[in-house]
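Q: Hey, can you walk me through this structure? I'd like to pick at a few spots and see what's going on there.
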Amino acid sequence: RSKKVGKGVFTIYNRTMHSELAERMNIDKHLRNALDQDEFLLQYQAQMNVQTGRIIGFEALLRWHNPELGRVSPMLFIPIAEDSRTIIAIGKWAMITACTFMRRIHERGYPDCRISVNISVIQMVQEDFVTMVLDILEDTGLAPQYLELEITESIFMESYEPIIHKLEILRSLGVRIALDDFGTGYSSLSYLKQLPISTLKIDKGFIDNLPEEDKNRSLTEAMIAIGHKMGLEVVAEGVESYNQLAYLKDHSCDLVQGYFLSKPVDEDEVEALLLRY
Ligand code: C2E
Ligand code: MG
Ligand code: MG
Ligand code: MG
């Protein structure tokens with residue numbers, strides 16, 4: 001096979017690999033100072049109850065702007081922050097910021113609004129993860145039922161029993177747990193059995209070409225049915241069109257999130273959205 005590919009291709013391949021590594025190392029270097037330099041902020045993306053048309057909460061999404069690198073996508077920097085474990089401090093900052101913000105929204109007259117925060121598996125394996133969450137709730141005065149932790153099936157790549165135990169403690173205290181990107185990666189139905197989750201988030205990949213694509217239609221309907229049979233709330237991610245929304249409403253999906261409703265917005269735009277819906 002290598003004979004067929006030829007020498008030139010390998011040279012290009014190596015050069016690409018080299019520059020990718022150099023880029024990662026550069027990002028890694030800047031990430032280490034980013035919290036101290038105040039380079040992060042959160043944006044918030046609305047989640048709407050499809051049946052009532054009301055916004056019930058927001059997902060907090062991390063944004064990083066570095067003076068030298070510009071804006072860097074979380075898809076790129078989060079895996080690097082996980083490797084260097086800086087995600088532990090960044091993730092804590094994100095949870096404090098998100099909970100503080102939601103407490104303020106409650107005080108402004110929206111006492112039922114929820115906040116979802118993405119959690120890295122690196123954070124969850126920390127000894128003090130449960131204490132950290134509970135301390136943040138206490139310090140910000142946010143009641144546990146208004147916080148949702150978004151986790152992914154990647155926790156099953158770690159030794160997951162201690163993680164499940166921690167999630168069970170948090171769930172028993174009222175914190176919500178969402179399984180993000182459901183249907184992708186290493187997804188297995190046994191995770192639904194083992195995890196104390198309250199919410200299933202169907203990955204955008206299944207929602208993208210609804211309602212035209214037969215296979216995605218079948219899979220989405222089946223995922224909604226499984227979620228409901230398990231007593232879970234079901235969210236569709238990445239809803240971009242009216243047709244998708246109408247289809248999901250017809251098929252009893254509970255919540256939708258996506259550009260059709262709103263892109264992730266800065267905190268000063270959140271109230272306007274709440275007033276509108
Ligand atoms: P995710 O948690 O699955 O978040 C959904 C992603 O889809 C977000 O990308 C969001 O901006 C994007 N999105 C939402 N609606 C639409 C839509 O209608 N169309 C399209 N094309 N995209 C849509 P984003 O903000 O770039 O985040 C990417 C991923 O980075 C997130 O995926 C999550 O896994 C991770 N992430 C973001 N913030 C955090 C954080 O604070 N902590 C951790 N550990 N991970 C985070
Ligand atoms: Mg998420
Ligand atoms: Mg997702
Ligand atoms: Mg995702």
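Q: Let's start with Asn118: what's its relative accessible area?
A: Asn118 has a relative accessible area of 31%, so it counts as partly exposed. Keep in mind that this is a predicted model.

Q: OK, and which protein residues are the donors of the magnesium ion (ligand 2)?
A: Asn118 is one of them, through OD1. The others are Glu59 (OE), Glu150 (OE) and Asp180 (OD), and the donors lie 2.0 to 2.3 Å from the ion.

Q: How are those donor residues spaced in sequence?
A: The spacing for the magnesium ion (ligand 2) reads E-x58-N-x31-E-x29-D. Glu59 sits in strand E2 (residues 55-66) and Asn118 in strand E4 (residues 114-118), so this pair ties together parts that are 59 residues apart in sequence.

Q: Is Glu59 buried or exposed?
A: Buried, because its relative accessibility is 4% and the cut-off for buried is under 20%.

Q: What coordinates the magnesium ion (ligand 3)?
A: Asp180 (OD), Asp181 (OD) and Glu237, with Glu237 (OE) listed twice, at 2.1 to 2.4 Å. Along the chain, the donors of that ion follow the spacing D-D-x55-E.

Q: Hang on, which residue bridges the two magnesium ions, ligand 3 and ligand 2?
A: That's Asp180, and the ions lie 4.1 Å apart.

Q: Are Asp180 and Asp181 buried or exposed?
A: Asp180 is buried, with a relative accessible area of 7%. Asp181 is partly exposed, at 26%.

Q: Switching topic: how many aromatic pairs does the structure hold?
A: There are 8. One of them is Phe40 with Trp64, a tilted pair with 6.1 Å centre to centre and 35° between the planes. The two come from distant parts of the chain: Phe40 is in strand E1 (residues 40-49) and Trp64 in strand E2, 24 residues apart.

Q: Why do you quote a distance and an angle?
A: Because a pair of aromatic rings is described by the distance of the centres and the angle of the planes.

Q: Fair enough. Are Phe40 and Trp64 buried or exposed?
A: Phe40 counts as buried at 6% relative accessibility, and Trp64 counts as buried at 2%.

Q: Which rings are in the cluster with Phe40 and Trp64?
A: Phe77 and Trp93 are in there too, with ring pairs linking the cluster.

Q: Where does Lys263 lie?
A: Over the face of Tyr259, at 4.7 Å from the ring centre.

Q: Now salt bridges. How many are there?
A: The count comes to 14. Side chains of opposite charge can pair when their charged atoms come close.

Q: Which residue forms a salt bridge with Asp83?
A: Arg24, with the closest N and O atoms 2.8 Å apart. Asp83 is in helix H3 (residues 74-83) and Arg24 in helix H2 (residues 7-34), so the salt bridge links distant parts of the chain, 59 residues apart. Asp83 is exposed at 60% relative accessible area, while Arg24 counts as partly exposed at 35%.

Q: And what about Asp28?
A: Asp28 forms a salt bridge with Arg32, where the closest N and O atoms are 3.0 Å apart. Both lie in helix H2, 4 residues apart, which is about one turn of the helix. Asp28 is buried at 19%, and Arg32 is partly exposed at 49%.

Q: Which side chain does Lys204 meet in a salt bridge?
A: Glu240, at 4.0 Å, N to O. Lys204 lies in helix H9 (residues 204-207), and Glu240 is in the loop between strand E8 (233-236) and helix H11 (242-250), so the pair ties together parts that are 36 residues apart in sequence.

Q: Which residues do salt bridges with shared partners join into one network?
A: Glu59, Glu150, Lys201 and Glu237. You've met some of these names already: Glu59 and Glu150 are donors of the magnesium ion (ligand 2), and Glu237 helps coordinate the magnesium ion (ligand 3).

Q: Last one: which residues form the nonpolar patch on the surface?
A: Leu134, Ile169 and Leu173, with about 210 Å² of accessible area together. Leu173 sits in the loop between helix H7 (161-172) and strand E6 (176-182), and it counts as partly exposed at 43% relative accessibility.

Methods:
Residues numbered from 1 in each chain as written. Chains lettered and ligands numbered in written order. Predicted model: local features only at pLDDT ≥ 70, side-chain atom pairs only at ≥ 80, totals over all residues. Heavy atoms only, no water. Donors = N, O, S within 2.8 Å, 3.2 Å for Na, K, Ca; no water. Buried < 20%, exposed > 50% of the residue type's maximum accessible area, 1.4 Å probe, protein only. Phe/Tyr/Trp six-rings, centres within 6.5 Å; stacked < 30°, edge-to-face > 60°. Lys NZ or Arg CZ within 6 Å of the ring centre and 35° of its normal. Patch = residues over 30% accessible without salt bridge, like charges linked within 9 Å, V, L, I, M, F, W, Y side chains within 5 Å. Areas by Shrake-Rupley, 256 points an atom, 1.4 Å probe, with all protein chains shown as cover.
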